[in-house]
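The following exercises concern strand pairing and the surroundings of selected side chains. Please attempt each task before reading its solution.

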Amino acid sequence: EVQAGAALELSGVTTAENFAIREGGVGFGNGTDISSAGALRGVGGTTSTVAGNVELIAGNNLIGAATGSTLNLAGQIMAPLSGGNRRLIKVGPGTVEFSGALPNIYTGDTVVLQGRLDLNKTGAGADKAVPSSLVIGDNIGGDNAAEVRLLGSNQIAQLNLFDVVINTITLNSSGVLNFNGNSDVIGNLVL
């Protein structure tokens with residue numbers, strides 16, 4: 001478990017370990033520059049892969065990647081369905097990729113503040129990578145500072161995890177939603 005105020009930085013490694021992350025990691029809450037925050041981070045200008053599952057423990061769970069780095073989360077991202085929403089927040093100028101065959105299971109928003117989030121889930125079923133509402137950009141970072149890119153079709157859930165509420169994609173001025181030649185049926189879109 002990566003405790004609040006701590007960070008696990010991966011550089012050019014692949015691990016099958018399961019991780020539980022709590023809050024934002026080192027530097028969270030210290031000023032407005034969150035580019036180096038994240039309880040789980042890819043660093044070193046390389047690609048690192050977590051093949052195990054990642055459990056979101058706190059309300060705001062930051063995952064990041066440094067410039068030129070990619071953090072590939074190939075397992076399942078999950079959170080307990082009781083005890084409130086647990087948000088996943090992507091920070092840092094690098095790339096985080098959601099891949100693997102199992103769908104992600106959490107009810108909190110997916111928020112991309114900086115860099116790129118690649119959606120590349122495969123396997124049976126649809127809407128596998130982002131199971132809840134999605135917010136892209138923060139209206140501060142400048143044009144195209146945050147991007148969500150689909151590397152396959154049907155990555156964003158139209159309905160919430162319980163199939164009772166329509167999910168919303170909020171695209172702020174600093175955000176880009178790049179379908180990259182793929183298709184998806186989405187819920188509400190707020191520009």
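Three exercises with worked solutions follow.

The model is predicted: local features require pLDDT of at least 70 and side-chain atom pairs pLDDT 80 or more, whereas totals for chains, interfaces and linings use all residues. Residues are numbered from 1 along each chain as its sequence is written, and side-chain values use heavy atoms, with hydrogens and water left out.

**Exercise 1. The open sheet**

Determine the strand order of the eight-stranded open sheet and identify its edge strands.

Solution.
1. Strands are DSSP runs of E with at least two residues, numbered from the N terminus; two strands pair if DSSP finds at least two bridges between them.
2. The order is β1-β4-β7-β10-β12-β14-β16-β18, with parallel pairing.
3. β1 (8-10) and β18 (188-190) are the edge strands, since each pairs on one side only.
4. Neighbouring strands of this sheet are turned by 15 degrees against each other on average, direction ignored; the axes are lines fitted to C-alpha atoms, and angles run from 0 to 180 degrees between N-to-C directions.
5. Within the sheet, β14 (residues 134-136) and β16 (residues 168-171) form three parallel bridges. Ile136 has Leu171 in β16 as its bridge partner.

**Exercise 2. Strand β17**

State which strand is joined to β17 by four bridges, and assign the residues of β17 to its two faces.

Solution.
1. The strand joined to β17 by four bridges is β15 (residues 146-150), and the two run parallel.
2. Glu147 stands opposite Val176 of β17.
3. In β17 (residues 175-178), Gly175 and Leu177 belong to the covered face, while Val176 and Asn178 belong to the uncovered one.

**Exercise 3. Two serines**

Are Ser48 and Ser99 buried or exposed, and which polar contacts do their side chains make?

Solution.
1. Buried means under 20% relative accessible area, exposed over 50%, and partly exposed in between, with a 1.4 Å probe and protein chains only.
2. Ser48, in strand β5 (residues 47-50), is buried because its relative accessibility is 0%.
3. Ser99, in strand β11 (residues 95-100), is buried because its relative accessible area is 9%.
4. A polar contact is a pair of N or O atoms within 3.5 Å; within protein, one must be able to donate a hydrogen and the other to accept it, and residues adjacent in sequence count only if both atoms are side-chain atoms.
5. A polar atom of the Ser48 side chain lies 2.8 Å from the backbone nitrogen of Gly12. The Ser99 side chain makes a polar contact with the side chain of Asn72 (2.6 Å).
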